[in-house]
Amino acid sequence: MTGSTPPWKRRFRDRGAAGPSQDGLQDDERGRPASLEAVDATGASGALEVPEKKAPVAKRRAAAVGHGVKEGVRKGGSRARAGLAYLTDRIIESAPRIPVRDLAALRKQFPGLGPEQLADKLVAGACNATSTVGAGVGAAAMMPIPPAMPTELAAEITGVAAIELKLIAELYEVYGLRPPGTLKQRTTTYLSSWSEERGIDVTKPSTLNAALGGHMKRELRQQIMKRTVRNLPNLMPFMVGAAVGAVMNRRDTRKLADRVRKDLRKVQVPWDALPALPPLEKPADPLTMGDLPGELGR
């Protein structure tokens, strides 16, 4: 027909007038229209899905190092406590084996001396002995063998403890205050006096019972901990450890002796007022005081 629109043109015009389909697709099958608006990142459940962000590598490494340090400190603390417990048991086991001279033997060995002069002699001898132990262990620390260091330190602690325990026991004899009871009971009193760094009044049963109580071992562990920290400078290299160990041990032994003597002096019993005391029994397996570190460290 004249003036009518051809069929092929009418088809394209109808398609443009129909507009987009209900599913948002154009009839020319070009897909959804582009948009600058953000599309909701929702999953199948409808919940918002946030992409997982990983911590920077440096932070992850720092966290791993921090965890490793904490774990190392925890394990190191356990090993330190176990080492202190072992040292405590060694000192407690060796204490009854320490040979102690009674008052009669001391007066015979140092004739003509009064109580204070005799006590001064004993303190000077003990200071020289602990000084020798500290110098020997400090010199041995020069050797570049790190595994040997804990062994050397343990030998020094146990050796100094034995010397000071012997000193305390003989000071009790000099001041006329021998603790009553058996060898084990007297040794426990000496251990308590050493760990607390004071003299125990053996004339008061309540004080003596406290010394024999269960708190003694805990106090002893604390004393060993203090002595361990104090003796750490002895392990310095280059021979400095020998000098430092000798000076520190001499100073600490004299300080301990001064404290114990001050307490014992308050309740001192004069020699002429002492009853006849039996000789002290000898230990079944006495320590060799001339070679204490080697024997106690075995």
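Start with the surface: the chain exposes about 18300 Å², and carbon and sulfur atoms supply 60% of that area. Keep in mind that this is a predicted model. As for the inside, 34% of the 298 residues count as buried.

The fold is helical from end to end in its pattern. There are 10 helices and 0 strands, so to speak an α-α-α-α-α-α-α-α-α-α chain when read along the sequence. Take contacts between residues at least 6 apart in sequence: 75% of them join residues at least 24 apart.

Now for the largest nonpolar core. It has 44 residues, and I91, L165, L171, Y172, W194 and I224 are the ones that touch the most other members. The helices below each supply at least two residues of this core.

| Helix | Residues |
|---|---|
| α2 | 57-94 |
| α3 | 103-109 |
| α4 | 115-140 |
| α5 | 148-174 |
| α6 | 183-196 |
| α8 | 215-231 |
| α9 | 240-266 |

Which helix gives the core its largest share? That would be α5, with 13 residues.

One residue is worth a closer look: T188, which lies in helix α6. Is T188 buried or exposed? T188 has a relative accessible area of 16%, and because buried means under 20%, T188 counts as buried. Its side chain also has a polar partner in the backbone: a polar atom of the T188 side chain lies 2.8 Å from the backbone oxygen of K184.

Conventions
Residues numbered from 1 in each chain as written. Predicted model: local features only at pLDDT ≥ 70, side-chain atom pairs only at ≥ 80, totals over all residues. Heavy atoms only, no water. Core = buried A, V, L, I, M, F, W, Y, C linked by side-chain atoms within 4.5 Å. Buried < 20%, exposed > 50% of the residue type's maximum accessible area, 1.4 Å probe, protein only. Helix = DSSP H or I, 4+ residues; strand = E, 2+ residues; numbered from the N terminus. Polar contact = N/O pair within 3.5 Å; in protein donor to acceptor, adjacent residues only side chain to side chain. Contact = heavy atoms within 4.5 Å. Areas by Shrake-Rupley, 256 points an atom, 1.4 Å probe, with all protein chains shown as cover.
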